[in-house]
Amino acid sequence: LITSTCIASFNDHISSPKAIGFSPDGYMLLSTGLDKVINFYELRDYSLIKLFPVMEEIHGLIVLSNDHSNNLLGEKSLKIGDTQFVIIVCGERGLLRLFRIFIHGKNKSTFTCEPIYQLVVTEPIAINNADITNDSNNLRCINSLLYLPLRNEIIAVTSDHNFYCYNINTNTVDEPLVKSRQMVGYNDDILDIIWLPNNDINEDENNNDQFNIAVITNSCQIKLMNESFDTKLLDGHIDIVLAADVTPDGKYLITCSKDKTCRVWDLNTLANIAIGSGHTDSISSI
């Protein structure tokens, strides 16, 4: 940066790289992208030391700090000179995947990259039992990750403009990420807003906040929001939802869509409990 001179160029990816990260000691560069691999580079001699396949297009990568990594993994198995840290990647499958990187103290170029945990952030959509997650209009893809070490938090951003916030649980590797909240980053046209009158039942399982409104936007998802704009998404429709209504007792939400169906949602469990079919065109009112 002082001389504005390029001192190294890495040309090992066969498709667009999307994210990079540095090991905690600063001597290793990690890069990943649409070619479904993670490349590991030694920055002291600018050499490629390992290529690790991950079998999906990767859009985001973060390296956890030494404190977070060691608290998750423990240090009992480490010998003097050994190094370990945790990386998290995300991509087209809607998953957060954690890997343990272990570097042998005597041979820095010999190390392992092993998966230790994965979390489903966005559920796949199925039509007639066929998974369409890999469709070209895949809204379940996670486009980027943000790491906030001082807050013990990471934020995943999806293709459908939603923010998923997770606390880093360093007490156990069995559940290292705990969802704290979800926010909608973009609503598009708002087609309908429904007040949820029975506040005794519709509580979010994570933070016990009550959902106050159901928002119908130019989307196939229904958004349940509370006064803090914490959001729960209801997935099921495969085309734009046009209208909604709630039963007088506040227990059920009914929605209709351009996919020619109406659906009944239990606001206590947030489950889709019934599907109404038979219309030959879009259902625009309910």
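The exercises below deal with the strands, cores and salt bridges of a predicted model.

Residues are numbered from 1 along each chain as its sequence is written. Local features need pLDDT of at least 70, side-chain atom pairs count only at pLDDT 80 or more, and totals for chains, interfaces and linings use all residues, while side-chain values use heavy atoms, with hydrogens and water left out.

**Exercise 1. Describe strand β6 and its partners.**

Step 1. Strands (E, at least two residues) and helices (H or I, at least four) are DSSP runs, numbered from the N terminus. Gln84 is found in β6, which covers residues 83-91.

Step 2. Two strands pair if DSSP finds at least two bridges between them. On this basis β6 pairs with β5 (residues 58-63) in the antiparallel sense, over five bridges. In this pairing Gly60 stands opposite Cys90 of β6.

Step 3. β6 is also joined to β7 (residues 95-103), by eight bridges, and these two strands run antiparallel. Ile88 has Leu98 in β7 as its bridge partner.

Step 4. Three residues lie between β6 and β7, which form a hairpin. Gly94 in the turn has a positive phi of about 75 degrees.

Step 5. Buried means under 20% relative accessible area, exposed over 50%, and partly exposed in between (1.4 Å probe, protein chains only). Eight of the nine residues of β6 are buried.

**Exercise 2. Follow Arg100 to its two side-chain partners.**

Step 1. Arg100 has a relative accessible area of 14%, so Arg100 is buried. Gln84 has 2% and is therefore buried.

Step 2. The side chains of Gln84 and Arg100 are joined by a polar contact of 3.0 Å. A polar contact is a pair of N or O atoms within 3.5 Å; within protein, one must be able to donate a hydrogen and the other to accept it, and residues adjacent in sequence count only if both atoms are side-chain atoms. The two residues are 16 residues apart along the chain, and their C-alpha atoms are separated by 6.9 Å.

Step 3. Arg100 also meets Glu114 in a salt bridge of 3.0 Å, N to O. A salt bridge is a side-chain nitrogen of Lys or Arg within 4 Å of a carboxyl oxygen of Asp or Glu. Because Glu114 lies in β8 and Arg100 in β7, the pair ties together parts that are 14 residues apart in sequence. Glu114 counts as partly exposed because its relative accessibility is 34%.

**Exercise 3. Find what the salt bridge of Arg97 ties together.**

Step 1. The structure holds four salt bridges. In one of them, Arg97 pairs with Glu56, and the closest N and O atoms are 3.1 Å apart.

Step 2. Arg97 lies in β7 and Glu56 in the loop between β4 and β5, so the pair ties together parts that are 41 residues apart in sequence.

Step 3. Both Arg97 and Glu56 are buried.

**Exercise 4. Place Leu177 in its core.**

Step 1. A nonpolar core is a set of buried Ala, Val, Leu, Ile, Met, Phe, Trp, Tyr and Cys residues joined through side-chain atoms within 4.5 Å. The largest core has 24 residues, and Leu177 is among those with the most contacts inside it.

Step 2. Elements that give two or more residues to this core include β6, β7 and β14 (177-184).

Step 3. Contact means heavy atoms within 4.5 Å. Not counting residues up to four places away in sequence, Leu177 touches several residues, including Leu96, Ile154 and Tyr166.

Step 4. A second, separate core has 18 residues, among them Phe40 and Phe52.
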